[in-house]
Amino acid sequence: MATAASARVYNNFIGGEWVDSKSGKTYENRNPANTDEVIGHFVASNEADVNAAVDAAKEAYKSWRLVPAPKRAEILYRAAEILVQRKEEYSKDMTREMGKVLAETRGDVQEAIDMTYYMAGEGRRLFGQTTPSELPNKFAMSVRQSVGVCGLITPWNFPMAIPSWKMAPALVAGNTVVLKPAEDTPLSSYHYVQALVEAGLPKGVVNIVSGDGPDAGAPLSKHKDVPVMSFTGSSAVGRIIASACAPDFKHVSLEMGGKNIIIVMDDANLDLAIDGAVWGGFGTTGQRCTAASRVAVHKKVYGEFVKRFVERVKTLRVGDGLDPKIEMGPCINEQQLNTVMSYVEIGKKENAKLLTGGNRLNSGAHAKGWFHEPTVFGDVDAKMRVAQEEIFGPVVSVIPFDGFDEAISIANGVAYGLSASIYTKNVNQAFAAMRDLYTGIVYVNAPTIGAETHMPFGGTKQTGNGHREAAGAAIDFFTEWKTLYIDYSDKLQRAQIDNN
Ligand code: UN1
């Protein structure tokens, strides 16, 4: 275990070199399950570092954009293969820096592998349209073009997967990138970049500046040479980034909060619904944008569901995610733990019924981490703050309802629209829910988490700003359409006029 003195210093990666910060400052990245362990020292970048990274990305863009897309893709294929070989090592490092259990960090690295392979495939599929012109001896087609330097700001909950969601499509489409990873989990994004570099990515195509939002993220989002910004994180920061991008009309993709719901109908397979609610609510310690922080249950089965759900939640083993017996890790940091504890107080004051949990765990094996009990509130009214606001922690609100229409209106009655799920055996109800739930993702008989890389990911309302990540949708964001008209008639032909 590394102590503060022995831990390695990780520099920024700019123009193909690992370089010191111009700020001269570093910060410590500690294990949230054991704060005595220092994962590494990372540089606290400032505007000068960001400027250097953008300059390198701008220079590299001149040649990277001209590399044929299938050749760019070959580098991604090789990077994915490197990640496959290092999956175990990188997963363990991720559990140490982020806290989620090893099975889940393996899933995170796997998601990065999947996305990298998928986007490598897109290298031979950057299709446009060809179509007859309305005029004779004239040809029309459209091609995708890259945009330039992309600024990427990523969160700590999926420390390798989400950087890959942004980097892989940006790169295969011919852009260069500057990544500002979350302060709490930079190492996993360094690992991803390391794989790209070893796979042969030219200098300057990918750059990393570590550090915090105000000092490193803000100068990136307002930099004049960064025409594209992609951000995943809180709605509050998303609003700041959108404002910073507005004066220059940058492309900006925002993936933000969620208040996702599992609806349990009276005909649901309750065993399945309980499995789903436990995994959706407490997987990743509830720290997913897609977490099922609300479970709405039909009154006919409410009593039985709650009894059995709470019994299961009480058995969850909380601790260090490297121990294979552990099912739920810590909160990411003290601030997040404090947020969770404050929402427990809010729920109690609102007269939600605390059914289990509600306390910080800080003795014995939990003494050195940011642990909190898995917590369930029952008899929650859909308008209570615990049922409206994103908590991003191990707190689930169970809401009773009377019928399908009420369930849909509870589901849609929040500011966010990322993911929703319904458990039912009734196909008519399932299809009505798929139609009426106003979210970017809907699951039937599965929890709200578990999106796959070849399908669009994102949400409605305050979850996002209309873009989607993953799948072909990501390529749409990281490219511009260019329409080409080729007239081989040797005369002036006026559209809309000469043929009418
Ligand atoms: C997130 O919560 O920020 O669908 C991303 C899921 C994961 C991705 C979650 N594949 O839960």
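Student: What makes a residue count as one of those around the ligand in this predicted model?

Tutor: A residue qualifies if one of its heavy atoms lies within 4 Å of the ligand. The residues around the ligand are Glu 111, Asn 157, Phe 158, Ile 162, Trp 165, Arg 288, Cys 289, Thr 290, Ile 449, Gly 450, Ala 451 and Phe 457. By class, this shell holds 7 nonpolar, 3 polar and 2 charged residues.

Student: Why is the ligand said to lie between domain 1 and domain 2?

Tutor: Residues of the shell come from both domain 1 (9-256 + 464-483) and domain 2 (261-444), so the ligand lies between them.

Student: What makes the pair formed by Thr 290 and the ligand a polar contact?

Tutor: The cut-off for a pair of N or O atoms is 3.5 Å. A polar side-chain atom of Thr 290 is 2.8 Å from an oxygen atom of the ligand, so this pair is a polar contact.

Student: Which backbone distances are found for Gly 450 and Ala 451?

Tutor: A polar backbone atom of Gly 450 lies 3.0 Å from an oxygen atom of the ligand. For Ala 451, a backbone N or O atom is 2.6 Å from a ligand oxygen atom. Both values are within 3.5 Å, so each pair is a polar contact. Of the 320 Å² of accessible area that the ligand has on its own, the protein covers 99%.

Student: Where does the ligand sit among the pockets?

Tutor: The ligand takes the space of the second largest pocket.

Student: Why is a space called a cavity rather than a pocket?

Tutor: In a cavity a 1.4 Å probe fits but cannot get out, whereas a pocket is open. There are 3 cavities of 30 Å³ or more.

Student: What is known of the largest cavity?

Tutor: Its volume is about 70 Å³. Among its 13 lining residues, Gly 286, Ala 291, Ser 293, Glu 390 and Phe 392 lie nearest its centre.

How values were computed
Residues are numbered from 1 along each chain as its sequence is written. This is a predicted model: local features need pLDDT of at least 70, side-chain atom pairs count only at pLDDT 80 or more; totals for chains, interfaces and linings use all residues. Side-chain values use heavy atoms; hydrogens and water are left out. A polar contact is a pair of N or O atoms within 3.5 Å; within protein, one must be able to donate a hydrogen and the other to accept it, and residues adjacent in sequence count only if both atoms are side-chain atoms. Accessible areas come from the Shrake-Rupley method with a 1.4 Å probe; for residues, only the protein chains shown count as cover. On a 1 Å grid over the protein atoms alone, a cavity is a set of points where a 1.4 Å probe fits but cannot get out, and a pocket is an open set with protein on both sides within 12 Å along at least five of seven lines; lining residues have an atom within 4 Å of a point. A molecule sits in a cavity or pocket if more than half of its atoms lie within 2 Å of its grid points. Ala, Val, Leu, Ile, Met, Phe, Trp, Tyr, Cys and Pro count as nonpolar, Asp, Glu, Lys and Arg as charged, and the others, Gly among them, as polar. Domain bounds come from an automatic or database domain assignment. Grid points are joined across faces, edges and corners, and a volume is the space filled by probe spheres set on the points.
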